[in-house]
Amino acid sequence: MLGAAGQLVYWNETRDTVLIVDHDARNLGMARRVLETAGFEVCDARDAVSTFEVLKDCRPAMIVLDIQLPGMDGWELARRLKTNFASRMIPIIVMTAVGRGSDPDPGPPAGSPALGHDCTGSGVWGERVCR
C-alpha cells in the first residue's frame, strides 16, 4: 500500500495487535494484562531472536520494546527492526527500568533510530495509547 507521498506503508489487517518484547516475566505479564484489558491483542517475545520469530506470524500495529534485553539490547533490536523492510514502518515504544533511582539513564547510543515522539493524543493510537 502506498502512502500520500508515494512511500510504501506497512499494511496491517489487525490494527489492534501489539507486540511486547521484554525479558522480565512480571513486566511482560503486567503489560499484557493492561493492553488486553484495553482491547488489544498481544503477541510477546523475550529477546531479540524470538522477536523475529514471533514477527513471522504476528503482524503488530505497534511494538513495546524493553531496552534491557539479554544478548542483543533493545537499541540494537530497534535499529534492526527499523532497517528491516517488513518491520520498518511499525511504531516502537521504548520502555526501560534504567534511570530509576541511582541507575544512570544512558539514552540511545549514537546511530540509533529516532524513536522519541511526544504523545499528543491525536489519532487512533494517540487516543488509545497516550491515556
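## A walk around helix 1 and the core

Start by selecting Asp24, which caps the N-terminal end of helix 1: one of its side-chain oxygens sits 2.9 Å from the backbone nitrogen of Arg26. Keep in mind that you are looking at a predicted model.

Next, select residues 25–37 to light up helix 1 itself. Its 13 residues reach 18 Å from the first C-alpha to the last, close to the 18 Å expected at 1.5 Å a residue.

Now show the side chains of Leu28, Ala31 and Leu35, and mark Gly29 too; these four residues of helix 1 are buried. Turn the view until you look down the axis of helix 1: the buried residues fall within an arc of 165°, so they line one face of the helix. Why might that happen? An α-helix has 3.6 residues a turn, so residues three or four places apart point the same way.

What covers those buried residues? Add strand 1 (17–21) and strand 2 (41–45), which are included in the cover. Then swing round to the other side of helix 1, where Arg26, Arg33, Val34 and Thr37 are exposed. Just after the helix, stop at Gly39, which has a positive phi of about 100°.

Time to head for the largest nonpolar core, which has 15 residues. Select Leu19, Val21, Ile63, Leu65, Leu77, Leu81 and Ile92, the ones with the most contacts inside this core. Strand 1, strand 2, strand 3 (62–66) and helix 3 (74–83) each supply at least two of its residues, and helix 3 gives the most, with three.

For a last stop, find another core lying apart from that one: it has nine residues, among them Leu28, Ala31, Phe40 and Met62.

Methods
Residues are numbered from 1 along each chain as its sequence is written. This is a predicted model: local features need pLDDT of at least 70, side-chain atom pairs count only at pLDDT 80 or more; totals for chains, interfaces and linings use all residues. Side-chain values use heavy atoms; hydrogens and water are left out. The expected span of a helix is 1.5 Å times one less than its number of residues. Buried means under 20% relative accessible area, exposed over 50%, partly exposed in between (1.4 Å probe, protein chains only). The arc is that of the directions from the helix axis to the C-beta atoms. Contact means heavy atoms within 4.5 Å. A polar contact is a pair of N or O atoms within 3.5 Å; within protein, one must be able to donate a hydrogen and the other to accept it, and residues adjacent in sequence count only if both atoms are side-chain atoms. A nonpolar core is a set of buried Ala, Val, Leu, Ile, Met, Phe, Trp, Tyr and Cys residues joined through side-chain atoms within 4.5 Å.
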